[in-house]
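Please open the structure in your viewer and keep the selection tool at hand. The tour goes from one group of strands to the division of the chain into domains.

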Amino acid sequence: MKIQAAVLYDINAPLQVETLDLASPQPNEVLVKMGAAGVCHSDYHVINGQAAQVLPCVLGHEGAGVVVETGAAVTSVSVGDHVILNWLPHCGACFYCQKGLTNLCTAYHGPVWSGTMLDGSTRLTNTTGDSVRHLSSIATWADHTVVPAEFCVVISKDVPLDVASLVGCGVTTGVGAVLNKTKVEPGSSVAVYGAGGVGLSVVMAAKLAGAANIIAVDRVAAKGAVAMQSGATHFVPAGPNAVADIQALTEGRGADYVFEAIGNATVQAECVEATRPGGTVCFVGLTAGGTTTPLNSAVLVRQEKHVVGSFYGSAHNPRDFNTYCDLCVSGHLPIDDLITHRYSLDQINIAIDDMLSGEVGRGVVMFD
Ligand SMILES: [Zn+2]
Ligand SMILES: [Zn+2]
């Protein structure tokens with residue numbers, strides 16, 4: 001079939017929205033009509049070359065839609081199902097899966113990082129006959145996509161697809177860091193560096209967990225209002241006074257939990273400073289490969305600070321996707337408030353520029 005998709009041909013080039021040929025799903029694959037697709041910083045890391053990807057490639061790794069065709073061997077999803085596309089499926093059998101650490105399963109890393117189906121081939125061809133990759137094996141910036149059945153998580157039809165699309169990456173990353181990884185307790189103080197889609201998801205989850213003090217930190221002052229709407233109790237401008245401001249709001253100690261939702265080594269080090277003795281720093285944002293973060297190790301020893309990482313919200317999918325969707329529908333996790341901008345696929349380059357400006361909570365591409 002012919003589809004419209006946003007294709008990256010060269011590092012730092014604008015995306016080309018063009019017609020591609022999408023082959024039919026193979027026996028273990030599923031054709032999904034996209035409803036909505038989020039615009040995430042990790043897509044930009046592919047555009048700027050920080051994340052290596054064979055090109056040309058259809059980008060987009062957050063998305064939700066409706067199943068319109070299934071391969072002959074597919075039993076896990078049916079035509080008409082609403083699904084979130086999940087770029088980190090797990091095998092259920094390896095050492096990590098057996099321990100319940102399903103986000104550490106590497107069974108699908110090969111095709112996901114190279115942007116192919118599980119057999120190493122692609123289903124996309126451009127008008128000049130070149131094969132085109134599928135980012136994260138899901139390629140959500142397209143009106144239709146073929147994905148391996150393992151990458152579909154069936155959700156309730158009560159969940160709006162724009163909300164569901166964000167659960168596929170940004171929301172799960174932020175909410176899971178709070179609920180799964182650090183297990184923030186009621187009454188805690190929480191600081192979050194970066195009030196984009198992931199950071200605001202941390203804010204919402206901290207509120208859900210009963211945190212008493214939720215301090216959002218961002219370089220863009222306009223983010224303050226969005227953060228407060230998501231549940232922050234205070235907003236602190238990023239800069240040389242941020243640590244002192246956080247300490248002033250926590251009786252001089254620093255926050256019990258500090259989350260870094262940007263992926264910047266300097267900010268990560270500052271997060272350790274902003275944490276109270278005995279507190280926990282959680283790195284959620286992904287730095288470029290090979291990045292080293294300077295940490296004052298004497299402080300870590302003397303003040304017993306915990307430094308942890310959380311990948312994809314330390315999540316167990318599909319359990320957590322459905323939990324977060326249910327919490328949204330019941331009003332406990334206002335994911336819809338994150339969506340500050342909506343775009344058509346033709347506006348994808350504008351959506352990326354808006355994200356980079358820092359003015360956006362989360363932008364979502366909507367399909368008909
Ligand atoms: Zn993402
Ligand atoms: Zn596994």
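Select strand S11 (residues 189-193) together with S12, and you will find two strands that run parallel and are joined by five bridges; within this pairing, Ala191 stands opposite Ile215 of S12. The model is a predicted one. Add helix H6 (residues 197-208) to the selection, and S11, H6 and S12 can be followed as a right-handed β-α-β unit.

Now keep S12 and select strand S13 (residues 234-237), where the two strands pair in the parallel sense over four bridges, with Phe235 in S13 as the bridge partner of Ala216. Bringing in helix H7 (residues 223-230) shows that S12, H7 and S13 likewise make a right-handed β-α-β unit.

Why is S12 largely enclosed by the rest of the structure? Select residues 213-218, the six residues of this strand: five of them are buried, so the strand is largely enclosed.

Next, colour the protein chain by domain, taking domain 1 as 2-169 + 315-366 and domain 2 as 171-313. The C-alpha centres of domain 1 and domain 2 lie 27 Å apart, and where the domains meet, 22 residues of domain 1 are in contact with 21 residues of domain 2. On the side of domain 1 that touches domain 2, select helix H4 (161-167) and helix H11 (319-329), which are the elements that give two or more residues to it; H11 gives the most, with three residues. Colouring that side of domain 1 by residue class shows 12 nonpolar, six polar and four charged residues.

Methods. Residues numbered from 1 in each chain as written. Chains lettered and ligands numbered in written order. Predicted model: local features only at pLDDT ≥ 70, side-chain atom pairs only at ≥ 80, totals over all residues. Buried ≥ 20, exposed ≤ 12 C-beta atoms within 10 Å, placed from the backbone. Pairing = 2+ DSSP bridges. Right-handed = clockwise from strand over helix to strand, strands pointing away. Domains from an automatic or database assignment. Contact = placed C-beta atoms within 7 Å. Nonpolar A, V, L, I, M, F, W, Y, C, P; charged D, E, K, R; others polar.
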